[in-house]
Amino acid sequence: MKELLFIACLALLASTAFAQLKRPRGVAISKAEFYQEGRDFQCLDGSQLIAFEKINDDYCDCDDGSDEPGTAACPNGSFHCTNAGHKPKYIPSSRVNDGICDCCDGSDEYDGRVTCANYCKELGKQMREELEKQRALLLEGYEIYKEYVHKGTEARKEKQNKLDELRTQRDELKAIKDQLEDKKQELEIPEKEAKDKHRTEWEETKALMKEEKNKATAKEAFDELDANADQIVTVEEMQVHQEFDIDNGGEVSAEEAREYLEDHPQVDFEVFYDKIWENIKEVYKKPGSESSESAPPPEQTTTPPPTSNEEIVDHFDDLPDEEDDEEEFLEDEEDLEDEDQEEKVDEQGDDFKIPEYDEETKKLIEAADQARREFDQADSRYREVDRELTETEKVLALDFGPNNEFYPLRGECYEFTDREYTYKLCPFEKATQRNKHGGTETNLGHWGKFDGPENRKYAAMKYEKGQNCYNGPDRSCYVKIECGLHNELRSSAEPNRCEYEYVFASPAACREPPPATYDPNHDEL
Ligand code: MAN
């Protein structure tokens, strides 16, 4: 029974094969079933039913030309070349027997006018080799793509772990930093108090010293004016000093002298210092001093140079900036304060040298300095980790493709040079343009997003908000990505002013090629 069944099956297969083989000239195997010997033929557009004999009788019966697949009778017919060994194809039936070989198997020329060689096998071989080569390349690209996926996925995992680590580290450092800040602030309170105290005391001392110096200068002037050394300065004694000649009349009148003495006929040192000195010290000139010898008349507005004594006092008094300086000095970084202090001492001269801090204050400063140093170190460690954390978060927020395959492109740049410009692509960062002969880079856009067509989002990138185009939009760059064995910027164009288009090849864009489909023996026998 089984044997019988087997024989029946074989017979059926054989008859099917026969039916497939036996078809009118110019008919594709897929249409053979419509052309069955012994049966009327229905035009393929369904318009007519004609006798089987009318097929390929060199007379066009059907409107669609389907009754003359193997002749040139119908203007709209088409002839099917079987092209065994290569790819079957249709040609317009007008090309049948036109003396030109169109099919690689030569089947379109059968009237004997020309002899066509059958070169389908060679053609098929060539094509197969070509397709195999292409497929091999695609496979190679796909292998690299898989490496990229691996690298990208690992790198992302690593980054994610790093992120967790950094978060913990940052929290720990924050706690340490806060603690050290508290300690610093705590130690800065007694430090400030001690410093303020030192300064206040110094201000008081300095004021006293200033006063004493002023008094000494006044006494010196008084003694000099007091020509007869009776400890009284009289109007007459004042009249000797030309600088008191108010009206520049050539001599100092008694009125002029009295005016300087605030209407006193004479003064002892106490009155002189309390009432007179402040008013005359700018005018008074010590005899024999350079300034007094070449002294201009007193009413002249030019202030004569001070005497040596005055110089000290004036120098001191003329330190209007001193207070400001000191204020600034106080505002300065605490660490620098001691240095500033020394500088000031030198500026001020020995008489007004600010004393050193006492040992207790020095200890407080040192303790606060130490706390500041410790805080600064902890703070900079904290900032560094925080910066790294922000950077890591930024990277992790980027879209590197569905399988992280674009990750290896991060941090890389690729260039392409045309006749005028060198174009650059730094994936996930920017696109730029620079004149070939130098000059600055023009930004063509910052990383925006993957922007391929629907369902192929990762086939293109968009870089936007680049340098503004004069009288135009901000520059932008669209990057088409195709599969390639290497990352390579292949071309650049500017289809619209300041709108650029790159073609970039990368293994990241390669995918597993479909199985080889070219098999002529499957297409047609
Ligand atoms: C520069 C380049 C060109 C661009 C013009 C627009 O020359 O960026 O690509 O077209 O500016 O003014």
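Biologist: Hi! Quick one to start: what is the relative accessible area of arginine 170?

Modeller: Arginine 170 has a relative accessible area of 24%, so it is partly exposed. Buried means under 20% relative accessible area, exposed means over 50%, and partly exposed lies in between, with a 1.4 Å probe and protein chains only.

Biologist: What sort of model is this, and how are residues numbered?

Modeller: This is a predicted model, with residues numbered from 1 along each chain as its sequence is written, and local features need pLDDT of at least 70, while side-chain atom pairs count only at pLDDT 80 or more. Totals for chains, interfaces and linings use all residues, and side-chain values use heavy atoms, with hydrogens and water left out.

Biologist: Back to arginine 170, then. Which residue does it form a salt bridge with?

Modeller: With aspartate 386; the closest N and O atoms of the pair are 3.4 Å apart. The pair links distant parts of the chain, since arginine 170 sits in helix α2 and aspartate 386 in helix α10 (residues 359-396), 216 residues apart. For a salt bridge, a side-chain nitrogen of Lys or Arg must be within 4 Å of a carboxyl oxygen of Asp or Glu.

Biologist: Is aspartate 386 buried, partly exposed or exposed?

Modeller: Partly exposed, at 24% relative accessibility.

Biologist: How many salt bridges does the structure hold?

Modeller: It holds 36. Side chains of opposite charge can pair when their charged atoms come close. One of these pairs is lysine 362 with glutamate 356, at 2.8 Å from N to O. Lysine 362 is partly exposed with a relative accessible area of 32%, whereas glutamate 356 counts as exposed at 59%. Another pair is arginine 434 with glutamate 441, with closest N and O atoms 3.8 Å apart. Arginine 434 is partly exposed at 26%, and glutamate 441 is partly exposed at 29%.

Biologist: Which residues are linked in a network of salt bridges?

Modeller: Lys184, Glu188, Glu191, Lys195, Asp369 and Arg372.

Biologist: Let's zoom in on glutamate 188. Where is it, and what does it touch?

Modeller: Glutamate 188 belongs to helix α2, which covers residues 120-225. Leaving out residues up to four places away in sequence, glutamate 188 touches Ala368 and Arg372; contact here means heavy atoms within 4.5 Å. Its side chain also makes a polar contact of 2.9 Å with the side chain of arginine 372. A polar contact is a pair of N or O atoms within 3.5 Å; within protein, one must be able to donate a hydrogen and the other to accept it, and residues adjacent in sequence count only if both atoms are side-chain atoms.

Biologist: Switching to the ligand: which residues are around it?

Modeller: Tyr421, Gln433, Cys469, Arg475, Glu494, Arg497, Cys498 and Tyr500. A residue gets onto that list if one of its heavy atoms lies within 4 Å of the ligand.

Biologist: What are the polar distances to Arg475, Glu494 and Arg497?

Modeller: An N or O atom in the side chain of arginine 475 is 3.0 Å from an oxygen atom of the ligand. For glutamate 494, a polar side-chain atom lies 2.6 Å from a ligand oxygen, and for arginine 497 the corresponding value is 3.3 Å. Taken alone, the ligand exposes 310 Å², and the protein buries 68% of that. Those areas come from the Shrake-Rupley method with a 1.4 Å probe; for residues, only the protein chains shown count as cover.

Biologist: And how many residues has the protein in total, and what share is buried?

Modeller: There are 525 residues, of which 35% are buried. The secondary structure comes to 11 helices and 14 strands, taken as DSSP runs numbered from the N terminus, with helices (H or I) of at least four residues and strands (E) of at least two.

Biologist: One last thing, the backbone. What is the phi of aspartate 263?

Modeller: About 70°, so positive, although aspartate 263 is not a glycine. Most residues other than glycine have a negative phi. Aspartate 263 is in the loop between α4 (254-260) and β6 (266-268), and counts as exposed at 61% relative accessibility. Asparagine 404 also has a positive phi, about 65°, in the loop between α10 and β7 (414-417).

Biologist: Is asparagine 404 buried or exposed?

Modeller: Buried, at 11% relative accessibility.
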